[in-house]
Amino acid sequence: MSEEIKMVDIYIMGKKYTVPETLTIMDAMEYAGYQLKRGCGCRAGFCGACATVYRMAGDYELKVGLACQTKVEDGMYLAQIPFFPGRKAAFNLEEIKPSTAHFTQLYPEVYRCLGCSSCTKVCPQDIDVMQYIAYIQRGDFEKAADISFDCLMCGLCVSRCPANIVHYNAALTARRLYSRYIAKPDAFLAERTRKIEEGELDAEIDALVTADQDKLQELYNNREIEK
Amino acid sequence: MTYTPQLRELMKKVEESRASRVGVNYPRMTPEERRDVLQKFHPDYIVDGFREIAVGVDKGARMPVEMADVFEAKSRVSGTELDLTADPDYDVDVLIIGGGGAGASAALDAHKAGANVMIATKLRFGDANTMMAQGGIQAADKENDTPAIHYLDVLGGGRFENLPELARALVMDAPLVIKWLEDMGTMFDKKGDGTMITIHGGGTSRKRMHAARDYTGAEIMRTLRDEVLNQGIKVVEFSAAAELLLDSEGRAAGAVLLNLETEQYEIARAKTVIIATGGSGRLHYRGFPTSNHYGATADGLILGYRAGAKTIYADSIQYHPTGGAYPPQLLGLLVTEKTRGLGATPLNIKGEQFVYHLETRDVASSAIIRECEERNLGVPLPTGITAVWLDSPLIELTHGEGTVERQLPAMLRQFQRFGVDIRKEPMLIYPTLHYQNGGLLIDADARSTVENLYVAGEAAGGIHGTNRLMGNSLLDIIVFGRRAGRDAAAKSKDMAVPAGLNLEHAEAYNKALEESGAGNGRVSPILLPHYTHR
């Protein structure tokens, strides 16, 4: 590093460590000496393994973030929630439909939302969680699927819900229902898979599989490229 | 306000030239130019980054020194008291090691075929590179495209070194995989009439990149995982495979699992074993940062190799041209190729483009390294490294306002978190260690050279030759995961429960290692990278 790095004090589960201010919470925990097992996954903001709750010294407000996507700040008191025992309802996608009747059987607690918006406030992805719960309640699976899409299933919403809703599992079910039954299937894709299964495209590919290197290179170098 | 005043000053060059670059395509390299830049600048060609492996079935084969270090290492279970004659802790038809996309796909098809299946995974189920794949998945499912055209792209991208029967399986199964995922309720980007929206990736001749915004891998992984759980398939998390077990005839017959939390060993006996442990980016070849998952430590490679499975192209590593370079919190993180697919172009310090934005990954990476190292036209960063710009604001100039939020929500969010608005400000990128092109050798049914041992996903090699194209990895994990699952289930049907479980292969390997003088006290698999402050 060509510039002097400032150090900050953070408190991992109450214990003080001094770390460079450029680090993420995750890097800072490792800098402090933790060999992470839980609470660490993709390290890029996609997997939801590293949900973290923190509070700044002198403040009462609890904040949340993904440890891999949040920079440390001086006076940060933090703890991770690497696992949350949320319930998942098992279902057979071929036997249910995007209907309130079916959804009630899988996740009845969704309909007991108190409207407190704690889930929305806590979401590290800035998803309007309570809104998609409302969409599910009124049977609008398309809208629920759309606005819940960026969910990482980190579980922070569930940790704050007074109605014990497991938002991320409800949302995933809603997205699968939408994609299976409301979004239309790709018609040409069905046609293409039929042709492959019936062997109609075998001859064309086998001609290439058995072609020699020179022929393949010539074909490749002169292939037409779609604009 | 993340970019420093110096960087903001340099950024002006990019802004000045932007209007003149809209809609202008930089010329592609000729085959000769491609060869030249690869040989001079691709890390695969840097001789001192490699050495010959001293032991095992591929003794003398070339591999990166960091990989050779974990190959030339003793078994973790050496000297541990393990009772292999007692009733095992788990007893199944198909043991799948690894809980990513390949493992989940294998589990679903093996379960469907009637096998008793178990997934053992080192971290959480779904903790895998699959989850991080952003840009898309290829399949020839348009009128103007066929699997044969896809095949030619795969081979050209792979420098014609792909194993033909594996590349054939990849492209022919591709539309079937998309259909399988569509039927499972995967939320692909579609038009109102159901038509999949597809774009180009580096090295594609047709627009066949299917996506789910820029969370494609995450969407596929969470769907597969949800379905595995729906099917009631047994999943054991935080249980890393420490060594494979063989039966009295030298066939794969299970694994020794290490509970990462209690540090106790457990025995899993299985008629067939599928290695689906992914790649090795966390070995940080040549000191590169990586876009890989925390768990990508080559575990399956070394376990398979000790058991006698041959490797292929172990010396071929993919560096993704667009790894994050700044702000420092994003170092090495993947900037999805979809960013370039949508029209963002790499630029040097003068704000000039120096390479066509959709060259294959190996060529694009080499060109970026050349721009920084040889031509000295990289952008110097306050962190001491050099990078090039990726002009993401071009995307909305080309495709209209709102495109980034709609098509690249993960990228937008990730950079916003650290103070960069990629709609208005260009990104700073440099190649990052991304993918292991080679791996354990398999056939079209994902069988390794050891009986009853299968390999699927990034741990397998030969499919992509020595350079994989974007969108063919999400594809291959499912194609070969499913093939492995089906074949392993069928094989298990007529098999007796394996007898004479043993670790003799690991002992023999240790002995050979000792005799060779290599090893130097190392133990592998390492299971977790070591990032604690030293």
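**A guided tour of chains A and B**

Begin by selecting Pro162(A), which touches Leu114(A) and Cys116(A) when residues up to four places away in sequence are left out. The model on the screen is a predicted one. Pro162(A) sits in the loop that runs between helix H6 (156-160) and H7 of chain A. Is Pro162(A) buried, partly exposed or exposed? Its relative accessibility is 47%, so Pro162(A) counts as partly exposed, because that class lies between the limits of 20% and 50%.

Next, add Phe46(A) to the selection and display the C-alpha atoms of both residues. Pro162(A) and Phe46(A) are 116 residues apart along the chain, and their C-alpha atoms are separated by 26 Å.

Now colour chain A by domain. The domain assignment gives domain 1 (7-80), domain 2 (93-182) and domain 3 (196-221). Between the C-alpha centres of domain 1 and domain 3 of chain A there is a distance of 53 Å.

Then show chain B beside chain A. How many residues of each chain are in contact with the other? On the side of chain A there are 77 residues, and on the side of chain B there are 87. Together the two chains bury about 7,400 Å², with 56% of this area on carbon and sulfur atoms. Select Lys37(A), Phe46(A) and Phe149(A): within chain A, these residues lose the most area to chain B, together 11% of what that side buries.

Turn to the charged and polar pairs. Ten salt bridges are found across the interface of chain A and chain B. One of them can be displayed by selecting Asp206(A) and Arg168(B), whose closest N and O atoms are 2.7 Å apart. The two chains also have 41 residue pairs in polar contact, counted where both residues have pLDDT 80 or more.

Highlight the helices of chain A that give two or more residues to the side touching chain B; among them are helix H1 (25-31), helix H5 (141-148) and helix H9 (202-209). Which element supplies the largest share of that side? It is H8(A), with seven residues. By type, the residues of this side of chain A divide into 37 nonpolar, 16 polar and 24 charged.

Finish in chain B with Thr336(B), located in the loop between strand S14 (317-326) and helix H10 (338-341). Thr336(B) counts as buried because its relative accessibility is 2%, and the limit for that class is under 20%. Display its contacts beyond four places in sequence: Gln134(B), Gly135(B), Asp214(B), Leu408(B) and Met411(B).

How values were computed:
Residues numbered from 1 in each chain as written. Chains lettered and ligands numbered in written order. Predicted model: local features only at pLDDT ≥ 70, side-chain atom pairs only at ≥ 80, totals over all residues. Heavy atoms only, no water. Contact = heavy atoms within 4.5 Å. Buried area = accessible area lost by both parts, 1.4 Å probe. Salt bridge = Lys/Arg side-chain N within 4 Å of Asp/Glu carboxyl O. Polar contact = N/O pair within 3.5 Å; in protein donor to acceptor, adjacent residues only side chain to side chain. Helix = DSSP H or I, 4+ residues; strand = E, 2+ residues; numbered from the N terminus. Nonpolar A, V, L, I, M, F, W, Y, C, P; charged D, E, K, R; others polar. Buried < 20%, exposed > 50% of the residue type's maximum accessible area, 1.4 Å probe, protein only. Domains from an automatic or database assignment.
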